[in-house]
Amino acid sequence: MNFDLTPEQDQLRDAVRALGRRYGHSYFVEKARSGGHTTELWDEAGRLGYLGVNVPTEYGGGGGGLTELAIVCEELAAAGCPLLLLVVSPAIAATVINRHGTEEQRKRFLPGFADGSVKVVFAITEPDAGSNFHRLGTVARRDGDDWLLSGRKCYISGVDEAQYVLVVARTEDAATGKLKPALFLVPTDAAGLTRSRLDMEIVSPENQFLLYLDDVRLPADALVGGSLDAGLPALFAGLNPERITVAAMGVGTGRYAIERATDYTATRKVWGGRSIGAHQGVSHPLAHAAVQVELARLMIAKAATLYDAGRDLEAGVSGNMAKYAAGEAAALAVDTAVQALGGAGMTTEYGVATLLGAVRAGRIAPVSREMILNFVAQHVLGQEKSY
Ligand SMILES: Cc1cc2nc3c(=O)[nH]c(=O)nc-3n(C[C@H](O)[C@H](O)[C@H](O)COP(=O)(O)OP(=O)(O)OC[C@H]3O[C@@H](n4cnc5c(N)ncnc54)[C@H](O)[C@@H]3O)c2cc1C
């Protein structure tokens, strides 16, 4: 397995880094605090082709893979702009439509993913189901050629910025009577779809919402893949891209925090001639965090390489491990950076404490650390399932 970036991937990394730094964390925080969105950054990244790196060239994308998209996620986060919408729209939704959509759906949506003009968010979580998606209560019923969707979703990110939300619902299998999942492309302005914003303790321009679907009427072509049999594979298709890109965002955030802290500790002097970074009580926790971030980064490279080679099952194991490791490493790095900065760590100016809520959430969403440990215990260690 070769983790060397190609010259094109190297160029992409440098270019995205430069773009992210031009905006920076203060832009991200200012948008969050004023209730705005990072539209300028998103649109510019779209125009430059960074949001569509994983969309096939025949639909106007870059023709790359998850390795390229992970680079975009990591570098924007490393510049202080961790954009969650990269995970839901280009990573999950574009992959699901590309791999399991009908040709008509690909033609309709992929060019918009390629230039960032289309944003599709993702709704699976429900108040009464949570981590247990087998309990999903959102139901899709046939009505002539149409579908009617009813149910509730929670914590859905970015609904106010998106044109569509990819909703996971259940349908009744005519043959077995069993409920099976299906994915629907629901316009965010559809009649019967309402939302309310959740107050979250996260400094982010991207918001979370409760969604209420009350007999939302959809045409037949809103069903991803055009067939109920496409539902389960389509749902699973989004998982690896989600885990790998959210991990990349975590690693980028960890790098950002460590860079902020080490710039400071290398120059801050309170005991005469030596910097505070000369004291191992300050430098070792930062070095430890840097090791954890780099280990998570290595696992992301492995997972993305396996995924891009079409080895989905192995990518599933590595992707889950990468997400776990990156979530822990990002939380550790930000907390350690705040400590190393002392009082400055809690100021808005130094731009580190602003990330505490986001990295804490990264250990819960999009899949919690416990559910990953369950996955590893069962699928890697062969342990019995307890739930
Ligand atoms: C910032 C943010 C953004 C989000 N964006 C989206 C989005 O865009 N779309 C979307 O669909 N969802 C989104 N979510 C929801 C997220 O995916 C869920 O919060 C997450 O999957 C956990 O579900 P839950 O909150 O219902 O926790 P619960 O399922 O209620 O779990 C609560 C706690 O119990 C633990 N637990 C549960 N079951 C087990 C078990 N069997 N073994 C061990 N521990 C267990 C969990 O790990 C967790 O710590 C977002 C959440 C956040 C915080």
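1. Burial. In this predicted model, 51% of the 387 residues in the chain are buried. The exposed surface of the chain comes to about 17200 Å². Carbon and sulfur atoms supply 52% of that area.

2. Overall dimensions. The radius of gyration is 21 Å. A compact globule of 387 residues would have a value near 21 Å, so the chain agrees with that expectation. Along the principal axes, the C-alpha atoms fill a box of roughly 80 × 45 × 40 Å.

3. Secondary structure and contacts. The chain holds 11 helices and seven strands. Take the contacts with a separation of 6 or more: 70% of them join residues 24 or more positions apart.

4. Charge. The chain carries 37 positive and 44 negative charges. Their mean positions lie 5 Å apart.

5. Helix 8, length. This helix covers residues 280-308, 29 residues in total. At 1.5 Å a residue it should span 42 Å. The end C-alpha atoms are 41 Å apart, which agrees with the expected span. Just after helix 8 comes G310, with a positive phi of about 80°.

6. Helix 8, packing. The buried residues here are L286, A289, V293, A296, I300, A303, A304, L306 and Y307. An α-helix has 3.6 residues a turn, so residues three or four places apart point the same way. L286, A289, V293, A296, I300 and A303 can be read against that spacing, and each is buried. What do the buried residues of helix 8 pack against? Their partners are helix 3 (66-78), helix 4 (85-100), helix 6 (231-237), helix 7 (239-265) and helix 9.

7. N320. This residue sits in helix 9, which runs over residues 312-341. Is N320 buried or exposed? Its relative accessible area is 6%, and buried means under 20%, so N320 counts as buried. Leaving aside neighbours within four places in sequence, N320 contacts R243, A315, I372 and F375.

8. R363. Here the setting is a loop, between helix 10 (356-361) and helix 11 (369-379). Not counting residues up to four places away in sequence, R363 touches K323, G327, E328, A331, S368 and R369. How far is R363 from R268 in space? The C-alpha to C-alpha distance is 32 Å, with the two positions 95 residues apart in sequence terms.

Key
Residues numbered from 1 in each chain as written. Predicted model: local features only at pLDDT ≥ 70, side-chain atom pairs only at ≥ 80, totals over all residues. Heavy atoms only, no water. Helix = DSSP H or I, 4+ residues; strand = E, 2+ residues; numbered from the N terminus. Rg over C-alpha atoms; globule rule 2.2 N^0.38 Å. Buried < 20%, exposed > 50% of the residue type's maximum accessible area, 1.4 Å probe, protein only. Contact = heavy atoms within 4.5 Å. Areas by Shrake-Rupley, 256 points an atom, 1.4 Å probe, with all protein chains shown as cover. Lys, Arg positive; Asp, Glu negative; His and termini not counted. Charge placed at Lys NZ, Arg CZ, Asp CG, Glu CD. Expected span 1.5 Å × (residues − 1).
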